Amino acid sequence: MGVTIGIRREDKNEWERRAPLTPDQVRELVRSHGLTVHVQPSPHRAFPEAAYREAGAVIDDTLAGCSIGAIWPAFGITVRCPPAAFAI
């Protein structure tokens with residue numbers, strides 16, 4: 001089973017537009033490293049869902065099958081592995 005990275009939507013602050021990975025970075029992870037990336041939809045993210053989809057990501061509201069979660073907290077990118085798949 002391969003690694004699946006989940007990009008969580010920002011829901012703490014509605015004004016937050018940052019994303020832990022850009023569509024170009026997702027494309028690199030998918031094409032060059034064989035990873036799977038799932039992205040939670042977000043109306044606020046700086047990059048549209050279509051850009052992530054074109055980069056090879058799966059748009060996924062739940063991120064249930066992800067083995068690693070990436071979010072953008074106030075002080076930088078946080079990546080957590082199971083059993084606590086996502087950091088807050």
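In the predicted model, Leu63 lies in the loop that connects β3 to β4 (68-71). The phi angle of Leu63 is near 60 degrees, a positive value in a residue that is not glycine. Leu63 has a relative accessible area of 3% and is therefore classed as buried, the limit being under 20%. A positive phi is also found at Gly34, which follows α1 and has a value near 70 degrees.

The protein as a whole contains two helices and five strands, arranged along the sequence in the pattern β-α-β-α-β-β-β. Of its 88 residues, 35% are buried. Where contacts join residues at least 6 apart in sequence, 58% of them link residues at least 24 apart.

Strand β1 comprises residues 4-7, and its side chains alternate in direction: Thr4 and Gly6 point one way, Ile5 and Ile7 point the other way, and all are buried. Strand β2, formed by residues 36-39, pairs with β1 in the parallel sense over four bridges. Within this pairing, Thr4 has Thr36 as its bridge partner, while the partner of Ile7 is Val39. Strand β2 is also paired with β3 (residues 58-59), again in the parallel sense, through two bridges. In this second pairing, His38 is located opposite Val58 of β3.

Both parallel pairings are accompanied by helical crossovers. A right-handed β-α-β unit is made by β1, helix α1 (residues 23-33) and β2. Another right-handed β-α-β unit is made by β2, α2 and β3.

Helix α1 has a buried side and an exposed face. Its buried residues are Pro23, Val26 and Leu29. These residues lie on the same side of α1 because they cover an arc of only 125 degrees around the axis. In an α-helix, there are 3.6 residues a turn, so residues three or four places apart point the same way. The cover over the buried residues of α1 includes β1, β2 and α2 (49-54). On the face turned away from the buried side, α1 carries the exposed residues Asp24, Arg31 and His33.

The largest nonpolar core consists of twelve residues, namely Ile5, Ile7, Ala19, Leu21, Val26, Leu29, Val37, Val39, Tyr52, Ala55, Ala57 and Ile68. At least two residues of this core are supplied by each of β1, α1 and β2. Two of the buried residues of α1, Val26 and Leu29, are thus members of the core. Ile5 and Ile7, which point in one direction from β1, also belong to this core. Ala57, another core member, touches Val26, Val37, Val39 and Tyr52 when residues up to four places away in sequence are not counted.

Tyr52 also takes part in an aromatic contact. The model contains one aromatic pair. This pair is formed by Phe47 and Tyr52 in an edge-to-face arrangement, with 6.2 Å centre to centre and 85 degrees between the planes. The angle is over 60 degrees, and the pair is therefore classed as edge-to-face. The two partners differ in accessibility class. Tyr52 has a relative accessible area of 0% and is therefore buried, whereas Phe47 counts as partly exposed because its relative accessibility is 29%.

The loop between β1 and α1 contains Glu14. The relative accessibility of Glu14 is 63%, and this residue therefore counts as exposed. Glu14 and Pro43 are separated by 29 residues in sequence, while their C-alpha atoms are 9.2 Å apart in space.

Terms used
Residues are numbered from 1 along each chain as its sequence is written. This is a predicted model: local features need pLDDT of at least 70, side-chain atom pairs count only at pLDDT 80 or more; totals for chains, interfaces and linings use all residues. Side-chain values use heavy atoms; hydrogens and water are left out. Buried means under 20% relative accessible area, exposed over 50%, partly exposed in between (1.4 Å probe, protein chains only). Two strands pair if DSSP finds at least two bridges between them. A crossover is right-handed if, with the strands pointing away from the viewer, the path from the first strand over the helix to the second runs clockwise. The arc is that of the directions from the helix axis to the C-beta atoms. Contact means heavy atoms within 4.5 Å. Rings of Phe, Tyr and Trp (its six-membered ring) pair if their centres lie within 6.5 Å; planes under 30 degrees apart count as stacked, over 60 as edge-to-face and the rest as tilted. A nonpolar core is a set of buried Ala, Val, Leu, Ile, Met, Phe, Trp, Tyr and Cys residues joined through side-chain atoms within 4.5 Å.
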